[in-house]
Amino acid sequence: TISVKRYPDRPCFTDFDPDKRTLSYKEVFTNVEKLAQWILGQGVSKGDRIAVSGKNSPEWATVYLAALFAGCIIVPIDYGLHEKEVENLLKASKPVFFFIDEEKFAYFDKNYKNAKIFSLSKQHPELYVYNLKVEEVYEFPGNDKEDTAAILFTSGTTGIPKGVMLSHK
């Protein structure tokens, strides 16, 4: 929020695929707050998990930050993993929502029913991260420095990937 106050109109994220698109700090902050409000409106509780997997994009970063604003634990999942490997990580982390990129959306929408699936791509406008509608305004729960912020999975080069819990500290 410091950068939003100091440099509201400066570029924060630039995406070059398919066309160049730049979002200012103010625009990014607005998107993050809106998504965090939507998450809270879905009845999630502090500490619930939200997974995200996709190519680098402003949408990916928005989900990451919004989950933290909403008091959730973010679970970023390597987009290069095969679907079955991703399923194993989802089973281990138990997210309530899974935001996924276009290339793997259809597979998870059809085959994974333990979390609600949402899209990082405009190809699915009704489930697209920037199109989710906020019905009410909620107070953000806040995060203590000792609260778990993220679960990062190891590469699993010597065995099954393990989840590493990182605090806000």
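**Questions on the core and the surface**

Colleague: Which residues does Ile39 touch, not counting those up to four places away in sequence?
Modeller: Contact here means heavy atoms within 4.5 Å. Leaving out residues up to four places away in sequence, Ile39 touches Val44, Ile50, Ala66, Ala67, Ala70, Cys72 and Phe97.

Colleague: What kind of model is this, and which pLDDT do its local features need?
Modeller: Residues are numbered from 1 along each chain as its sequence is written, and side-chain values use heavy atoms, with hydrogens and water left out. This is a predicted model in which totals for chains, interfaces and linings use all residues, side-chain atom pairs count only at pLDDT 80 or more, and local features need pLDDT of at least 70.

Colleague: Which element supplies the largest share of the largest nonpolar core?
Modeller: A nonpolar core is a set of buried Ala, Val, Leu, Ile, Met, Phe, Trp, Tyr and Cys residues joined through side-chain atoms within 4.5 Å, where buried means under 20% relative accessible area, exposed over 50% and partly exposed in between (1.4 Å probe, protein chains only). The largest such core has 28 residues, and Leu35, Ile39, Ile50, Val63 and Phe99 have the most contacts inside it. Helix H2 (25-41), strand E3 (49-53), helix H3 (58-69), strand E5 (97-100) and strand E7 (148-153) each supply at least two of its residues. The largest share, seven residues, comes from H2.

Colleague: How many residues has the other core that lies apart from this one?
Modeller: Among the members of this other core are Val75, Ile77, Phe108 and Tyr112. The core lies apart from the largest one, and its size is 16 residues.

Colleague: What pattern does the chain follow along the sequence?
Modeller: Helices (H or I, at least four residues) and strands (E, at least two) are DSSP runs, numbered from the N terminus. The chain has five helices and eight strands. Read along the sequence, they follow the pattern α-β-β-α-β-α-β-α-β-α-β-β-β.

Colleague: What is the radius of gyration of the chain?
Modeller: The radius of gyration is taken over C-alpha atoms, and the globule rule is 2.2 Å times the number of residues to the power 0.38. With 169 residues, a compact globule would come near 15 Å, which agrees with the value for the chain, 16 Å.

Colleague: Is Ser24 buried or exposed?
Modeller: Ser24 has its place in strand E2 (residues 21-24). Leaving aside neighbours within four places in sequence, Ser24 is in contact with Pro8, Asp9, Arg10, Pro11 and Cys12. Because the relative accessible area of Ser24 is 10%, this residue counts as buried.

Colleague: What is the relative accessible area of Pro18?
Modeller: Pro18 lies in the loop between strand E1 (11-15) and E2, and its C-alpha atom is separated by 34 Å from that of Met165, 147 residues apart along the chain. Pro18 is exposed, with a relative accessible area of 70%.

Colleague: Near what value is phi of Lys94?
Modeller: Most residues other than glycine have a negative phi. Lys94, found in the loop between helix H4 (83-93) and E5, is exposed with a relative accessible area of 62%. The phi of Lys94 is positive, near 55°.

Colleague: Which residues does Lys169 touch, not counting those up to four places away in sequence?
Modeller: Lys169 is placed in the segment after strand E8 (163-167), and its 69% relative accessibility is why this residue counts as exposed. From C-alpha to C-alpha, Lys169 and Thr148 are 8.9 Å apart in space and 21 residues apart in sequence. Not counting residues up to four places away, Lys169 touches Lys145 and Glu146.
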